[in-house]
Amino acid sequence: MALAFVAANTEEAREAQKLLCERYGSVVPTRADVIVALGGDGYMLETLRAAIGAGKPIYGMNRGTVGFLMNEFREEGLIERLQKAQPVTLHPLRMHATCRDGTRVEGLAINEVSLFRASAQAAKIRISVDGRERLAELVCDGVLVATPAGSTAYNLSAHGPIIPLGANVLALTPISAFRPRRWRGALLPRGAVIHFETIRPEKRPVNAVADVMEVHDVVEVEVREDRDVELTVLYDPEHNLEERVLMEQFAP
């Protein structure tokens with residue numbers, strides 16, 4: 001089994017990469033059967049984005065802080081762990097954003113696409129789903145669309161729902177909503193097309209973020225799941241991603 005070890009730019013991750021390369025050998029990612037990512041959740045997302053279109057499974061080992069998307073780091077028995085690992089298929093969100101100057105920007109997000117106010121004033125955002133207006137005006141700090149895999153990340157911090165991986169839904173979650181006061185978001189079919197339109201963007205500018213890619217001064221943003229893009233992540237059977245997402249619903 002040919003392995004490619006890639007690491008975040010931290011001392012802990014680089015040291016782990018050195019140890020594993022010496023023990024198992026390493027090839028370039030394009031020649032690997034499995035890419036082993038060493039770092040935290042942010043680096044895992046970076047590795048997944050880099051692997052889009054390559055068809056290579058990713059096995060992460062935690063050399064970061066939280067490591068929700070990662071397996072436990074152990075130097076020994078890696079080949080056996082990989083042979084027993086369970087695959088999880090992820091589909092990212094595709095964002096199409098139009099800026100106030102007419103620029104169009106496209107991006108992919110594995111966790112979420114977020115819109116944020118970019119001034120001291122609250123954002124005003126019109127929300128449509130599948131061509132039908134659902135909220136004429138959301139007054140807020142922002143709003144996001146999260147995948148099931150990303151539902152335990154920023155979405156959870158914004159009081160959005162945790163979504164089991166097999167639920168086939170997306171979370172639409174407001175960020176510090178002021179009006180309507182009682183709106184707490186929605187669960188949408190994974191095939192839904194969500195359209196955001198900023199109201200008075202010259203006075204209330206809004207930025208859009210697809211995971212880490214930020215687009216400034218947007219006037220329209222369309223978000224949908226891209227089923228044509230598949231990313232395969234490998235997990236140890238005793239602590240796979242589906243179980244972790246489920247456990248988060250019972251966390252104290």
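Half of this chain is tucked away from the surface: of its 252 residues, 50% count as buried. Keep in mind from the start that you are looking at a predicted model. With that said, let us take a walk through it, beginning with the overall form.

The protein chain contains 5 helices and 17 strands. Its radius of gyration is 19 Å, close to the 18 Å that the globule rule gives for 252 residues, so the chain is as compact as a globular protein of that length. If you turn the model along its principal axes, the C-alpha trace spans about 60 × 40 × 30 Å. The accessible surface comes to about 12300 Å², and 48% of that surface belongs to carbon and sulfur atoms. Contacts also tell us how the chain folds back on itself: among those with a separation of 6 or more, 66% are between residues 24 or more positions apart.

Now to the strands. In general, strands of a sheet pair through backbone hydrogen bonds, either parallel or antiparallel. One open sheet here has 6 strands, in the order β12-β11-β10-β7-β14-β15, and its pairing is antiparallel. At its edges stand β12 (186–189) and β15 (213–215), each with a single partner strand, so one side of each is left without a neighbour in the sheet. From one strand to the next, the twist in this sheet averages 20°. To see the pairing up close, look at β10 (residues 142–146) and β11 (residues 169–175), which are joined in the antiparallel sense over 5 bridges. Within that pair, valine 143 has proline 174 in β11 as its bridge partner.

Another open sheet is also built from 6 strands with antiparallel pairing, and its order is β6-β5-β16-β13-β8-β9. Its edge strands are β6 (104–109) and β9 (132–140), each of which pairs on one side only. Here the twist averages 20° from one strand to the next. Inside this sheet, β8 (residues 123–129) and β13 (residues 194–198) run antiparallel and are joined by 5 bridges. Arginine 126 has glutamate 197 in β13 as its bridge partner.

Arginine 126 also brings us to the charged side chains, where it forms a salt bridge with glutamate 133, with the closest N and O atoms 3.6 Å apart. How accessible are the two partners? Glutamate 133 is partly exposed at a relative accessible area of 45%, and arginine 126 is partly exposed too, at 25%.

How many salt bridges does a search of the whole structure find? The search turns up 14 of them. One of these links glutamate 12 to arginine 63, whose closest N and O atoms are 3.3 Å apart. Glutamate 12 belongs to helix α1 (residues 11–24), while arginine 63 sits in the loop between β3 (58–62) and α3 (78–84), so the pair ties together parts that are 51 residues apart in sequence. Both ends of this link are partly exposed: glutamate 12 has a relative accessible area of 42%, and arginine 63 has one of 23%.

Further along the chain, glutamate 225 and arginine 227 meet through their side chains in a salt bridge, at 3.1 Å from N to O. Is each partner buried or partly exposed? Glutamate 225 is buried, with a relative accessible area of 12%, whereas arginine 227 counts as partly exposed at 38%. In addition, Arg94, Glu106 and Asp226 are joined into one network by salt bridges that share partners.

For a look at the interior, turn to helix α2 (residues 41–50). In this helix, Tyr43, Met44, Leu45, Thr47 and Leu48 are buried. Which elements cover them? The cover over the buried residues of α2 includes β1 (3–7), β2 (34–39), β3, β4 (86–90) and β17 (231–235).

Our last stop is glycine 166, placed in the loop between α4 (154–157) and β11. Glycine 166 is exposed, because its relative accessible area is 55% and exposed means over 50%. Although glycine 166 and glutamate 242 are 76 residues apart along the chain, their C-alpha atoms are separated by 8.3 Å.

Notes: Residues numbered from 1 in each chain as written. Predicted model: local features only at pLDDT ≥ 70, side-chain atom pairs only at ≥ 80, totals over all residues. Heavy atoms only, no water. Salt bridge = Lys/Arg side-chain N within 4 Å of Asp/Glu carboxyl O. Helix = DSSP H or I, 4+ residues; strand = E, 2+ residues; numbered from the N terminus. Buried < 20%, exposed > 50% of the residue type's maximum accessible area, 1.4 Å probe, protein only. Pairing = 2+ DSSP bridges. Axes fitted to C-alpha atoms, helices over the stretch in contact; angles between N-to-C directions. Rg over C-alpha atoms; globule rule 2.2 N^0.38 Å. Contact = heavy atoms within 4.5 Å. Areas by Shrake-Rupley, 256 points an atom, 1.4 Å probe, with all protein chains shown as cover.
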